[in-house]
Amino acid sequence: MTGLRTSLHGVSTPAPHREALEARVALRIAGRLSQGAEALPHDIAERLRIARLHAVNRARELRKLSTAPGQHLQGGGVLAMSAPPSWWLRLASLAPLALLLVGLLMIQRTYLDQQIRAAAEIDEAILTDDLPPQAYSDPGFAEFLKSPRSVE
Amino acid sequence: MAPASRTLATDHELSDFLKSVERRAFKRTAFAVRDDEAALDIVQDSMIRLSEKYADRPAAELPLLFQRILSNATMDWFRRQRVRNAVVQNFSEFESEGDSGDFDLLETLQLAEDTIATESAADSVGRAQILLQIEHEVTQLPQRQREAFLLRYWEELDVAETAAVMGCSEGSVKTHCSRAVHALAKALRAKGITP
């Protein structure tokens, strides 16, 4: 190595030799830096350890999700079904809607029957009850009696 | 059976990998952002990103992926800082054109080897101080030079991998590395330090 000189811009040294020299110096500096990295303060080393554990746990959770039957992971964690639903599945999904419609129709029918029954009961009560004498002094009732409809 | 290179990383492999890089990742980030708390946050975010997005990759791909994620996370931090504080960071590519052309790299190496050979117990006491000086000089490097130097020689990526992480050509990586080594060696020698 005596007398062998290299310059920054490699004027006097062949490129391969210059690169080898640079690499040797660089690796020595990197070695020193590694010593520093090993001597990190305890609190920082501990926080790095916790961050690592957190990251590994996260990866484990995502793996479990991605291997769950019928599901797989897409993009940022959105779960989707693995295949389009079959016709039977689609028909089955319509069953609740059909049940709801039938139920509504039945409720409407029952309500209408109740209304008719209530009106019939009122009419029956009016027609079968005794007519009070004051009713004949009522001009409206008198007019009703005269009308052809009441005669029928 | 799948080839070994396509075997997905297990939790154990992911953990071992992160354990092997976490300290260097922290120091590298701290050199760049000069803030230990921010560096810890960036490294933690990078670990989570790796585990969330790339845990299903083969273990052999993890180093390059992690370095890329870490570099991007650091750049994101700088962008956020720039927007938040409008602080001018030393992001420029200003290269010192006035570097002395006749600086002797080999002499530096020779001195370093001599120093190790004759190191006494008393010398070792000052090691921590020397280390601080070396780290200080690393932080003083232009950002791209520092990144290229640390990826290439500390993370031991090859030139092509370093170029991929940095998003530049292999020639640029070589240039950045060369300038960084010379700048470091010169600065350290000026302080009487042999790496």
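Trainee: Is B:Ser46 buried or exposed, and why?

Mentor: B:Ser46 counts as buried because 27 C-beta neighbours lie inside 10 Å. The general idea is a count of other C-beta atoms, placed from the backbone, within 10 Å of a residue's own: 20 or more is buried, 12 or fewer exposed, and in between partly exposed. Keep in mind that this is a predicted model, in which local features need pLDDT of at least 70 and side-chain atom pairs count only at pLDDT 80 or more, while totals for chains, interfaces and linings use all residues. Residues are numbered from 1 along each chain as its sequence is written, and chains are lettered from A and ligands numbered from 1 in the order in which they are written.

Trainee: Where is B:Ser46 found, and which residues does B:Ser46 touch?

Mentor: Look in helix H2 (residues 36-53) of chain B. Helices here are DSSP runs of H or I with at least four residues, strands are E runs of at least two, and both are numbered from the N terminus. Contact means C-beta atoms, placed from the backbone, within 7 Å. Leaving aside residues up to four places away in sequence, B:Ser46 touches B:Phe66, B:Ile69, B:Leu70 and B:Ala73. B:Ala73 is 27 residues from B:Ser46 in sequence, yet their C-alpha atoms are 6.7 Å apart in space.

Trainee: How do I read the crossing of H1(A) and H7(B)?

Mentor: Fit a line to the C-alpha atoms of each helix over the stretch in contact, then take the angle between N-to-C directions, from 0 to 180 degrees. Under 35 degrees is roughly parallel, over 145 roughly antiparallel, 65 to 115 roughly perpendicular, and the rest oblique. The axes of H1 (residues 15-38) of chain A and H7 (residues 143-154) of chain B come within 9 Å and cross at roughly 90°, so the two helices are roughly perpendicular.

Trainee: Which residues meet there?

Mentor: From H1(A) come A:Ala26, A:Leu27, A:Ala30 and A:Leu33, and from H7(B) come B:Phe149, B:Tyr153 and B:Trp154. That contact has seven nonpolar residues, with no polar and no charged ones. Nonpolar covers Ala, Val, Leu, Ile, Met, Phe, Trp, Tyr, Cys and Pro; charged covers Asp, Glu, Lys and Arg; the others, Gly among them, are polar.

Trainee: What meets what between H1(A) and H1(B)?

Mentor: A:Leu33, A:Gly36, A:Ala37 and A:Glu38 meet B:Arg23, B:Arg24 and B:Lys27. By class, this contact holds two nonpolar, one polar and four charged residues.

How values were computed. Two residues are in contact if their C-beta atoms, placed from the backbone, lie within 7 Å.
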